[in-house]
Amino acid sequence: MAAPNIETIVSLAKRRGFVFPSSEIYGGLGSAWDYGPLGVELSNNVKRAWWRWLVYERDDIEGIDSSIILHRLVWKYSEHEATFHDPLVDCRECKQRFRADHLLAEFTMQLQQEWREENPDKSEPPPDVLFMGKGLQKGLGSFRTPGYIKCPACGKSNWTDPRQFNLMFRTTLGAVADEDDPTALAYLRPETAQGIFINFLNVQQTSRRKIPFGIAQIGKSFRNEVTPGNFILRTREFEQMEMEYFVRPDAEHSKLVDYWVEQYLDWYTNLGLSRDNLHLHEVPLEELAHYSRRTVDIMYRYFPERDEEARQWEELMGIAYRTDFDLKAHSNKPTDAEGKRINPDSTEDLSYFDEAAKERYYPHVVEPAAGVNRSVLAFLMDAYSERTTDKGEKRVVLKLHPELAPIKVAVLPLAKNKPEIVGMAKAIKRSLQPVMRAVYDDTGGIGKLYARQDETGTPFCVTVDHQSLEDEAVTVRDRDTWAQERVKVAALPEYLRARLKGPVPVGLATESSASEETTHAAPVDVQAS
């Protein structure tokens, strides 16, 4: 099973130290979240897994880490200053502010659902019901029709006219800069991609790369969202995992988009996401970004509690064919139809000379862009499960992939008042720490400790008991099956490394048990703390 809704994960995240509301002691800050001890480990593990998969395990990707604050002209010539807007409307009754396109999309889905219920024998609604596909501007006119689109907060229908709102955070550079001084104006980056494009030649020349190749980057981005919300799904400060893959202008770009879609589907499912909770959305031409010729979004079922399946999905990541738009936009040689230079401010030409073909061109780009925050939320939701003990008590078990789990193994003493057992447990923890994330915990009975580690996603618990002092063996408990095996301390690091990667190696376990309650002399308290 997966989490029934995001609220379930919000409760778990705060209770177990994954994510906290930011600035909570001052009443909180809308759409701002702090990652706790387990959350930062999970987030880092997601980023490490992505970097290893894309940069280390492939032969055609390089990495970069560009500045968060770039020259203002970067955003001028990328057209973010002119086009990076969302349509905004205000409810005149309750004074709340909303994104007009989101309200319109929600209203359109309601119309479609009502039409299908009234016409069960017909396949698709007529064009007047699907007016979102006719273009956004036609739909935005609906806010001027009284009673047509109702406010989600107060239920009234009294809107301001939609207006465009630029999403970039503005700042000023320099200690004595005036806020109105245009020469001091700068922005917090709304995407990491532009830092890759302006460094294309730097990376290509220093790493001696030939087309095709990619440049990957992980970093913070900032967007002054009109209506952020739904926990860490939509925030104003977020982290991206982006890669720009540079190819020849005559490459089969659409097939490359499909290739990267499949690559990312495999990556997400190999790390634990169910394919049933992933859905592909081909973005309609009229909704594409200004730089894109084709975009496919990988959607995740973040809202399984909603009745209409169309409303259960939200974007997890996108794969876009950006053509040569960005490299040309930042180059000093391209001209417009009148022969004028498109970018008279750039000092560099970002074209590439193909030695094999003896030609110069601006590479085209296929961009897979994933969000760290959204990926973390998806992994948490998919890993969530519940299991009932023999005593009828319900436990939460977070079945995170071992590669993502914040803690790989917890070492637990069966009797914390026995110095010999405690000393042995702490020594085992210290021996494991250099090769995997291990913790020691003695703050409860063994049942409570197991329950706590189940809820935080720890794949294995190692219990040191009275018998361990005699036979130099410990009990290893599996999070997902609750099965237990007896393992010699000397073989423990190798055993755990192997179990974290796959099936148990033959001969490493001395004995096994399917029930966690039969292995210890002390009774197991299964009530979670």
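**Exercise 1.** Classify Val 74 as buried or exposed in this predicted model, and place Val 74 in the secondary structure.

*Solution.*
Step 1. The relative accessibility of Val 74 is 9%.
Step 2. Buried means under 20% relative accessible area.
Step 3. Val 74 therefore counts as buried.
Step 4. Val 74 belongs to helix H3, which covers residues 72–77.
Step 5. Val 74 and Tyr 187 are separated by 113 residues in sequence, while their C-alpha atoms are 9.9 Å apart in space.

**Exercise 2.** Find which residues make the nonpolar surface patch that includes Leu 173, and classify Leu 173 by its accessibility.

*Solution.*
Step 1. The patch is made by Ile 68, Ile 69 and Leu 173, and has an area of about 220 Å².
Step 2. Leu 173 sits in the loop between strand E8 (170–172) and strand E9 (185–188).
Step 3. The relative accessibility of Leu 173 is 47%. Buried is under 20% and exposed is over 50%, with partly exposed in between, so Leu 173 counts as partly exposed.

**Exercise 3.** Compare the spans of helices H2 and H5 with the expected values, and list the buried residues of H5.

*Solution.*
Step 1. H2 runs over residues 37–56, a total of 20 residues. From first to last C-alpha H2 reaches 27 Å, close to the 28 Å expected at 1.5 Å a residue.
Step 2. H5 runs over residues 100–118, a total of 19 residues. Its reach of 27 Å is close to the expected 27 Å.
Step 3. In H5 the buried residues are Ala 100, Asp 101, Leu 103, Leu 104, Phe 107, Thr 108, Gln 112 and Trp 115.
Step 4. The buried residues of H2 include Trp 50, Trp 53, Asn 45 and Lys 47.

**Exercise 4.** Describe the second largest pocket and state which element gives the most to its lining.

*Solution.*
Step 1. The volume of the second largest pocket is about 410 Å³.
Step 2. Of its 22 lining residues, Trp 33, Lys 220, Glu 237, Phe 238 and Asn 373 are the closest to the centre.
Step 3. Two or more lining residues come from each of strand E2 (33–35), H2, strand E10 (213–222), strand E11 (237–247) and helix H11 (372–383).
Step 4. H2 gives the most, with 4 residues.

**Exercise 5.** State how many cavities of 30 Å³ or more the whole structure holds, and which residues line the largest cavity.

*Solution.*
Step 1. The search finds 1 cavity of 30 Å³ or more.
Step 2. The largest cavity has a volume of about 30 Å³.
Step 3. Its lining consists of Leu 271, Gly 272, Phe 379, Asp 382, Ala 383, Lys 399, Leu 400 and His 401.

Notes. Residues numbered from 1 in each chain as written. Predicted model: local features only at pLDDT ≥ 70, side-chain atom pairs only at ≥ 80, totals over all residues. Heavy atoms only, no water. Patch = residues over 30% accessible without salt bridge, like charges linked within 9 Å, V, L, I, M, F, W, Y side chains within 5 Å. Areas by Shrake-Rupley, 256 points an atom, 1.4 Å probe, with all protein chains shown as cover. Salt bridge = Lys/Arg side-chain N within 4 Å of Asp/Glu carboxyl O. Buried < 20%, exposed > 50% of the residue type's maximum accessible area, 1.4 Å probe, protein only. Expected span 1.5 Å × (residues − 1). 1 Å grid on protein atoms, 1.4 Å probe; cavity = no way out; pocket = protein on both sides within 12 Å on 5 of 7 lines; lining within 4 Å. Points joined across faces, edges and corners; volume = space filled by probe spheres on them.
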